[in-house]
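Student: I would like a close look at one part of this protein. Please pick a helix and show me what surrounds it. Then set it in the rest of the chain.

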Amino acid sequence: MRRRRARLLIGTAALLSILVLAASWFLASKIAAGHASAVAPVPPPAEPVRLRARDGVALAGTYWPGRRPDAPAVLLLHGVGASRNQTAPMAEALAAQGYAALAIDLRGHGASTITDHSYGLDEGLDARAAFDWLKARQHSGKVAVIGVSLGGAAALIGRDGAVLADALVLVAVFPDIRHAIYNRMAAVLTPAGGALAEPLLSFQSLPRHGVWPGRIAPITAIRDYAGPVFVIGGAEDRYTPPAETRALYAAAPNRKALWLVPGLSHGEVSNLHDAEWARRIGAFLRETIGMP
């Protein structure tokens, strides 16, 4: 009888484990799924651009010419679930200052090829292709990158390494994938639920993307970035809390600046492009990549 009960308990535990793993795999698949979305047309002088990443993924973008053919330029990379619709107002503000600008739809978003998200690994191939295109278009003029959340991660942790930007603006960028997943799960499931769910989701990076979770860590990659960095976060961001934004800032080894915007959540700071944003970003760009 005892042996039968033991076998029953073992069988029940095994079944529950399988169900939990299956449920976590299904949840991660839903979270990572890409979705096409409509992208609003932008009037001239902006022009549509079609690019291709090293692995063959087709990318859609919009280019705004600068004041001169070799004007310094800015590449804009949006956050997860968004598209270049998110960064177009930022690009237009920069173009009005005379900078050239390129906003793209990362893979799995907008009008680019729809693939699953990889939290910056494969999206880094998109960032590299767009950066190289923009650098050539501007006759090797200086190019900065503004990366929002996923876009910032893509600029740092892509499979080909960090984009060789002349300056880098990171907006609401997570320090590493484990913190990113925990914060989002804790916001829904309470801190205890987040602590239970996080490893079940984080360690799927190995079968899904071929890397351990530690590889998906902008805070590690930024330590090797030699250029100037401007780190921006929301003071009320629950997904990338201020302490994590400060840690990312502290990890940057050279010239750097920090702006924690009072009262803003993750979504609000990711979509910020008001007059104060233009003033601060403009000053940073003039000091790092020059006047347009």
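Tutor: Start with a word we need at once: two residues are in contact when they have heavy atoms within 4.5 Å of each other. Helices (H or I, at least four residues) and strands (E, at least two) are DSSP runs, numbered from the N terminus. The model is predicted: local features need pLDDT of at least 70, side-chain atom pairs count only at pLDDT 80 or more, and totals for chains, interfaces and linings use all residues. Residues are numbered from 1 along each chain as its sequence is written, and side-chain values use heavy atoms, without hydrogens and water.

Now the helix. Find H8, which covers residues 242–251. Which of its residues are buried (under 20% relative accessible area; over 50% is exposed, and partly exposed lies in between; 1.4 Å probe, protein chains only)? They are Pro-242, Glu-244, Thr-245, Leu-248 and Ala-251. These buried residues have several partners. Three are strands: S6 (167–171), S7 (229–234) and S8 (256–261). Two are helices: H5 and H7 (218–221).

Zoom in on Leu-248, one of the buried residues of H8. Its relative accessible area is 1%, so Leu-248 counts as buried. What does Leu-248 touch, if we skip neighbours within four places in sequence? The list is Leu-170, Val-173, Pro-218, Ile-219, Ile-222 and Val-231. Place some of these yourself. Leu-170 falls in the range of S6, 167–171. Pro-218 and Ile-219 fall in the range of H7, 218–221. Val-231 falls in the range of S7, 229–234. Ile-281 makes a useful distance check. It is 33 residues from Leu-248 in sequence, and their C-alpha atoms are 18 Å apart in space.

Next, walk back along the chain from H7. Gly-214 sits in the loop between H6 and H7. Is Gly-214 buried or exposed? With a relative accessible area of 59%, Gly-214 is exposed. Its C-alpha is 7.3 Å from that of Asp-176, although the two are 38 residues apart in sequence. Helix H6 holds Ser-205. Ser-205 has a relative accessible area of 5%, so it is buried. Leaving out residues up to four places away, Ser-205 touches Gly-210, Val-211, Trp-212, Pro-213 and Ile-216.

Now look at the nonpolar cores. A nonpolar core is a set of buried Ala, Val, Leu, Ile, Met, Phe, Trp, Tyr and Cys residues joined through side-chain atoms within 4.5 Å. The largest one has 52 residues. Leu-102 and Val-145 touch the most other members. A second core of 30 residues is separate, and it includes Ala-101, Phe-230, Val-269 and Ile-289. Back to Val-145 and its contacts beyond four places in sequence. They include Leu-75, Leu-77 and Phe-131. They also include Ala-155, Val-163 and Ala-165. Ala-167, Leu-168 and Val-169 are on the list too. Those last three fall in the range of S6, 167–171. S6 is also one of the partners of the buried residues of H8.

Some backbone spots deserve a stop. Most residues other than glycine have a negative phi, and most peptide bonds are trans. His-139 has a positive phi of about 55 degrees, yet it is not a glycine. Ser-140 is not a glycine either, and its phi is positive at about 65 degrees. His-139 is in the loop between H3 (123–137) and S5 (143–148). Ser-140 is in the loop between H3 and S5 as well. His-139 is exposed, at 56% relative accessible area. Ser-140 is exposed too, at 58%. Then there is the peptide bond from Pro-44 to Pro-45: it is cis, with omega near 15 degrees. Pro-45 lies in the loop between H1 and S1 (47–52).

Finally, step back to the whole chain. How many helices and strands does it have? There are 10 helices and eight strands. Buried residues make up 51% of the 292 residues. Take the contacts between residues at least 6 apart in sequence: 75% of them join residues at least 24 apart. Along the principal axes, the C-alpha atoms fill a box of roughly 85 × 35 × 30 Å.
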